Every structure is written in C-alpha cells, then in structure tokens.
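The following exercises concern helix packing, sheet topology and the surroundings of one residue. Each task is followed by a worked solution.

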Amino acid sequence: MSVVVRPLALSDLADLLAVQLACYGEGFVESGEVFARRLASPANCSLVLEQGGTVCAYLAAYRSVRGKVTPLHGDFEVVAQPDALYLHDMAVLPAHAGQGLAHALLQPLWERAQQEGLRHTALVSVQGSQGYWARYGYAQQALEDAVQRQRLATYGEDASYMVRSLVQGLGGHTVRVSPR
C-alpha cells in the first residue's frame, strides 16, 4: 500500500483530530482551532502520513529553541533564532502501529532540520513514552526556567522534556539519521 508523507494542511484537521482521539483519549486532545493556529505559524513544519489515501498518522512540529516548551493547547511561537526542531505531537492510528510510520514522519523532519542548521530536536514525552523516545536518541533534560517548568506541568506529572542532538549524539557520537 502506498505511503505519502506531506505537509499537514487545514483540510486534514478532521482526520488529525480522529487520529489524536484514537491515540490519546480525552486527556490530551487539542482542538481543531488550536491546530489551525499552529498551521498558520511561520515556524510550523508539521507533516501528515497517508496510507492508501487515508490519514493514519501525523507529526505536529515547528522551529523553536532548546529549553522552550509549548504548553498543552499552546500555539507554535515564532522565535528570532531557532536552534531546535520541536516535536509537539506525533500520533499513529493504533491499527497501523509497528509499521514504521513514525519513523517515516521523523526522518524527513530531522533531515530538513539539519539542512536548515538546527542543532537539536526536543519534545515533551507523555504517557510513559520516555523509553520509546530514548531509542531514537532523546534524553531527559532538566528545565532551568520556572516558566518552562510550568508549561511542562500542563502535560501531567509523568511528562518529561527530552532533547536529541542533530549534530552530535548525546554521548559524543555522530548521529546518522537514515532508514532502519
């Protein structure tokens, strides 16, 4: 079945919301209005994945700075000098899990971020997904700024801020972003 990865568009919002609800349940559902504002942000670089013409995954992402957290239901804020690709939300329909669709979304964004000179990628890990993100080279990082810690708290107590270098691995090894 053909897989198409393309920029997320306003016309995808109904499908995005259906994927979001199937993956997160009510607790982390963000509205179509919030996503519409994010899509309008010049920093936005979100993607959607279609398989057989059906949206079955998305990755909401934007250019930001390391150490800055977007709160739940928050907008994608433009920064003067971005240095990080912020992965706000990625979801794959449960029926399509284990097919490499997440990697198909992550790979082109990592490559694009490197080409644009971004040095890091960051995210907030929720619902016990820290181990999943660690397999991709992300490591938990403490937030020094009190405002950013408050933003992180909007995701619940098990949320953690995680960072991955796009230039050097966190252990000093070069990170190659290539297909598995």
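**Exercise 1.** In this predicted model, determine how helix α1 and helix α2 are oriented to each other.

*Solution.* Step 1: the axes of α1 (residues 13-24) and α2 (residues 32-40) come within 10 Å and cross at roughly 120°. Step 2: angles of 65 to 115 degrees count as roughly perpendicular and those over 145 as roughly antiparallel; α1 is therefore oblique to α2. Step 3: the crossing of α1 past α2 is right-handed. Step 4: α1 contributes Leu13, Leu16, Leu17 and Gln20 to the contact, and α2 contributes Gly32, Phe35, Ala36 and Leu39. Step 5: sorted by class, the contact of α1 with α2 comprises six nonpolar residues, two polar residues and no charged residues.

**Exercise 2.** State the strand order of the sheet and identify its edge strands.

*Solution.* Step 1: the open sheet has seven strands, ordered β1-β2-β3-β4-β5-β7-β6, with mixed pairing. Step 2: β1 (3-7) and β6 (139-140) each pair on one side only, and these are the edge strands. Step 3: β1 runs antiparallel to β2 (residues 47-51), and five bridges join the two. Step 4: arginine 6 is located opposite valine 48 in β2.

**Exercise 3.** Establish whether valine 124 is buried or exposed, and describe its surroundings.

*Solution.* Step 1: valine 124 lies in strand β5 (residues 120-125). Step 2: its relative accessible area is 10%, so valine 124 is buried, the cut-off being under 20%. Step 3: beyond its neighbours within four places in sequence, valine 124 is in contact with residues including Val69, Tyr86, Leu152 and Tyr161. Step 4: valine 69 is 55 residues from valine 124 in sequence, while their C-alpha atoms are 7.6 Å apart.

Conventions: Residues numbered from 1 in each chain as written. Predicted model: local features only at pLDDT ≥ 70, side-chain atom pairs only at ≥ 80, totals over all residues. Heavy atoms only, no water. Helix = DSSP H or I, 4+ residues; strand = E, 2+ residues; numbered from the N terminus. Buried < 20%, exposed > 50% of the residue type's maximum accessible area, 1.4 Å probe, protein only. Contact = heavy atoms within 4.5 Å. Pairing = 2+ DSSP bridges. Axes fitted to C-alpha atoms, helices over the stretch in contact; angles between N-to-C directions. Parallel < 35°, antiparallel > 145°, perpendicular 65-115°, else oblique. Left-handed = near helix turned anticlockwise from the far one by under 90°. Nonpolar A, V, L, I, M, F, W, Y, C, P; charged D, E, K, R; others polar.
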